[in-house]
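User: Hey, I'm new to this one. Can you walk me through it?

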Amino acid sequence: MAAPRDRLAAVEAEVLAGRQGSSGVEVVLPSEPATPAPLCPHGPTLLFVKVSQGKEETRRFYACSACRDRKDCNFFQWEDEKLSEARLAAREAHNQRCQPPLSRMQCVERYSKLIELPLSQRRFCQRCQQLLLPDDWEKHHEHQVVGDISITQLKRPSQLLYPLENKKTNAQYLFADRSCQFLVDLLSNLGFRRVLCVGTPRLHELIRLKASDDKMSNIKSLLLDIDFRYSQFYMEDSFCHYNMFNHHFFDGKAALEVCRTFLQEDKGDGVIMVTDPPFGGLVEPLAVTFKKLIAMWKEGQSQDNSHKELPIFWIFPYFFESRICQFFPSFCMLDYQVDYDNHALYKHGKTGRKQSPVRIFTNIPPNKIILPTEEGYRFCPLCQRYVSLENQHCEHCNSCTSKDGRKWNHCFLCKKCVKPSWIHCSICNCCALPDHSCKGPKDGCFICGELDHKRSTCSNTSASKKVNKAVRKQKQRRGNKMKRRPLKDNP
């Protein structure tokens, strides 16, 4: 699930700003929360804190895990806020109203009935994005309805459904057939028999199509996705309505057990997870969720295989590399550029800055992954991996250093390769864009002042929290004094 170029540019700016410790909102992920997080329509919320120049403000708050835009989910609650019973009841009622109109079981029953109908009676309402049974026709007679829905169309729901337009929550830019076919062939060549598709509906479709058309193919797939509309097209063992930002299964324990069974089949052997999160999503909660899926997979492992890792393909922009590797040090980034079908810019064949910035991060050794030479990829014998055509091996860095598909230049002052559009700034003592600001905040930790890490990973965080807590109490005492002080009469 990709994002448009203007949004992606903003995301890259956010990433760079985050590296420099500027202002923003950060997610707080306590290892052992004292109380369960309150619920919004998308499941458990996340705890956030505003950060200004690396310093936390005194009050933290809960907000939706999936929606970064308040227009899509306006949940907000201060961490220390106490709600009345009436407000809690109203919130629960609101959450229930926001759930899909049909239960998972109802969707399964309707689908079973629909595939038994003759072609002329299988219909789809484009306005409501719903498969229709004959009993539904009267309710939708004024809507735009497509008839004669074939079994082939039912197997490709991503072509029937309109892509959701929310770039921050769903961002449904679907894999191009070229990239999707490459992934299916790669997974098959690597010997995987099961694919957990987290937010990759088109890959899920193609795997199932290949399994139904090719008797030699034995690959199975399970789709976890936040778009409940897909529940109309799949049985319980093929789809789970799921929020990847908080590991929430909307259909409860039954759906969780479907996922657990899928991961632990054959003692966890032969399974891989492929995920394509929205680019506007935060890396930290995604990493926490993926580690929970890894832990679920490990439960089915024997003690002898405790050292093994769940193979993963995480599809994300290249400029998130450092953040992803912070949580998964064994991951490396492949040069393969992932393209999207319904995106005007991320198409195969683009050059320069117009190339797709989307890459595959994986814990599978890169020398095992063969990229298509007909698309210009070549094998670097020094790096022992496939790289893009313009990614030249740097003898000084002893690596093929390009991240964005262009040829990078080595800076002897920075002692590393940089983008071709960057120049060395004598004031900042590093390479940057020619029109950059030299007055911006520098890298490093705002808690202890060291340059080798950020405040979020600082070992002195507890001391900082004590200071923040003391400041918070001091402000509260000051506020209480102001409340107790009698107002003076105006002269």
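Analyst: Sure. Helix 7 (residues 201-213) lies across strand 11, strand 12 and strand 15, and its direction makes about 160 degrees with that of strand 12. Axes are lines fitted to C-alpha atoms, for helices over the stretch in contact (heavy atoms within 4.5 Å), and angles run from 0 to 180 degrees between N-to-C directions.

User: Where do the numbers come from?

Analyst: This is a predicted model, where local features need pLDDT of at least 70 and side-chain atom pairs count only at pLDDT 80 or more, while totals for chains, interfaces and linings use all residues. Residues are numbered from 1 along each chain as its sequence is written, and side-chain values use heavy atoms, with hydrogens and water left out.

User: And what counts as a helix or a strand?

Analyst: They're DSSP runs numbered from the N terminus: helices are H or I with at least four residues, strands are E with at least two. The chain has 11 helices and 26 strands.

User: OK, the sheet. What's the strand order?

Analyst: It's an open sheet of eight strands, ordered 14-13-12-11-15-16-18-17, with mixed pairing. Two strands pair if DSSP finds at least two bridges between them.

User: Which strands are at the edges?

Analyst: Strand 14 (248-249) and strand 17 (332-333), each pairing on one side only.

User: Does any other helix sit on the sheet, or which one should I look at?

Analyst: Look at helix 6 (residues 177-189), which packs on the sheet and touches strand 11 (194-198), strand 15 (271-275), strand 16 (312-317) and strand 18 (358-362). Helix 6 makes about 155 degrees with strand 16 in direction.

User: Strand 15 keeps coming up. Why is it largely enclosed?

Analyst: Because five of its five residues are buried, meaning under 20% relative accessible area with a 1.4 Å probe, protein chains only. Val-271, Met-273 and Thr-275 cover one side, with Ile-272 and Val-274 on the other. In a regular strand the side chains alternate between the two faces of the sheet.

User: How many bridges does strand 15 share with strand 11?

Analyst: Five, in the parallel sense. Val-195 stands opposite Ile-272 there. Strand 15 also pairs with strand 16 in the parallel sense, over three bridges, and Met-273 has Ile-312 as its bridge partner in strand 16.

User: What about strand 12 and strand 13?

Analyst: Strand 12 (residues 220-225) and strand 13 (residues 239-243) run parallel and are joined by three bridges. Leu-224 has Cys-240 in strand 13 as its bridge partner.

User: Last one: how much of the whole chain is buried?

Analyst: 45% of the 491 residues.

Methods: Buried means under 20% relative accessible area, exposed over 50%, partly exposed in between (1.4 Å probe, protein chains only).
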